[in-house]
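Q: Could you take a close look at one part of this protein with me? I would like to understand the surroundings of one loop residue, and then see how that spot fits with the rest.

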Amino acid sequence: MLEKRFCHFCGSRISRIYLEGRNRLFCKTCQQPIYENPVPASCLVVRDDNGRILLVKRSVEPEKGGWCLPGGYIEMGEEPDESALRELREETGLTGRIDRLLGVMKGNSGIYDTLLMVGYQVLSFTGKLVAGDDADDARFFAPPDMPEVVFRTHRLFVSMADERQRQHNR
Ligand SMILES: [Zn+2]
């Protein structure tokens with residue numbers, strides 16, 4: 001992760017000090033800690049009628065060339081579910097409808113240190129599957145044929161969706 005070096009309020013050089021129970025970035029000019037927070041992102045487990053799961057092949061770092069769930073960073077002013085569905089459209093050409101929230105969990109990021117990852121399930125969608133933004137390929141995989149999913153949070157959401165599917169089929 002790149003360490004932040006300058007205060008985003010005044011541009012002074014910042015340093016780390018122990019404050020309020022942890023090591024924090026601090027601006028001596030502003031006399032203020034520079035609080036850092038997880039970056040919100042969302043992803044989708046999209047399942048077709050045959051139980052296959054949609055994965056995209058990443059065309060950008062991190063994990064370029066790896067497979068993951070459709071998703072990305074939430075933009076200013078977006079609802080988390082809107083953001084996830086926008087990413088789905090951009091990366092795969094599909095327009096989806098959220099079935100349910102799978103969960104919210106902490107993710108690790110080489111760029112931002114910590115992510116807040118929101119996972120949804122989509123069971124109904126329209127459109128023609130075509131790889132778009134940030135994706136070299138987009139395909140549905142039957143669980144036994146699935147390549148390794150590169151992000152821990154995405155793997156956990158796939159397991160959670162599988163568990164729900166099993167309960168549903170019982
Ligand atoms: Zn400052």
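A: Happy to. Let's begin with Ile 111, which counts as partly exposed because its relative accessibility is 48%, short of the cut-off of over 50% for exposed. Please keep in mind that this is a predicted model.

Ile 111 sits in the loop between strand 8 and strand 9. Together with Tyr 73 and Tyr 112, Ile 111 makes a nonpolar surface patch of about 290 Å². The two tyrosines of that patch are partly exposed as well: Tyr 73 has a relative accessible area of 35%, and for Tyr 112 the value is 40%.

Those tyrosines also deserve a look as a couple. The structure holds 3 aromatic pairs, and one of them is formed by Tyr 73 and Tyr 112. Their rings meet edge-to-face, with 5.4 Å from centre to centre and 85° between the planes. Tyr 73 belongs to strand 7 (residues 71–73), while Tyr 112 is in the loop that runs between strand 8 (95–109) and strand 9 (113–126), so this contact ties together parts that lie 39 residues apart in sequence.

From the loop we can follow the chain into strand 9, where another aromatic pair has one of its members, Phe 125. Its partner is Phe 140, and the two rings are stacked, 5.5 Å centre to centre with 20° between the planes. Phe 140 lies in strand 10 (residues 135–141), so here too distant parts of the chain are linked, 15 residues apart. The two phenylalanines fall into separate accessibility classes: Phe 125 is partly exposed at 28%, whereas Phe 140 is buried, with a relative accessible area of 15%, because the cut-off for buried is under 20%.

Now let's step back to the whole protein. The chain is divided into domain 1 (1–36) and domain 2 (39–169), and the C-alpha centres of these domains lie 34 Å apart. As for cysteines, Cys 7 is buried, with a relative accessible area of 4%, and Cys 30 is partly exposed at 28%. A disulfide is a covalent bond between the sulfur atoms of two cysteines. A search of the whole structure finds 0 disulfides.

To return to where we started, Ile 111 shares its nonpolar patch with Tyr 73 and Tyr 112, and those two tyrosines form an edge-to-face pair of their own.

Technical notes:
Residues numbered from 1 in each chain as written. Predicted model: local features only at pLDDT ≥ 70, side-chain atom pairs only at ≥ 80, totals over all residues. Heavy atoms only, no water. Domains from an automatic or database assignment. Disulfide = S-S within 2.5 Å. Buried < 20%, exposed > 50% of the residue type's maximum accessible area, 1.4 Å probe, protein only. Phe/Tyr/Trp six-rings, centres within 6.5 Å; stacked < 30°, edge-to-face > 60°. Helix = DSSP H or I, 4+ residues; strand = E, 2+ residues; numbered from the N terminus. Patch = residues over 30% accessible without salt bridge, like charges linked within 9 Å, V, L, I, M, F, W, Y side chains within 5 Å. Areas by Shrake-Rupley, 256 points an atom, 1.4 Å probe, with all protein chains shown as cover. Salt bridge = Lys/Arg side-chain N within 4 Å of Asp/Glu carboxyl O.
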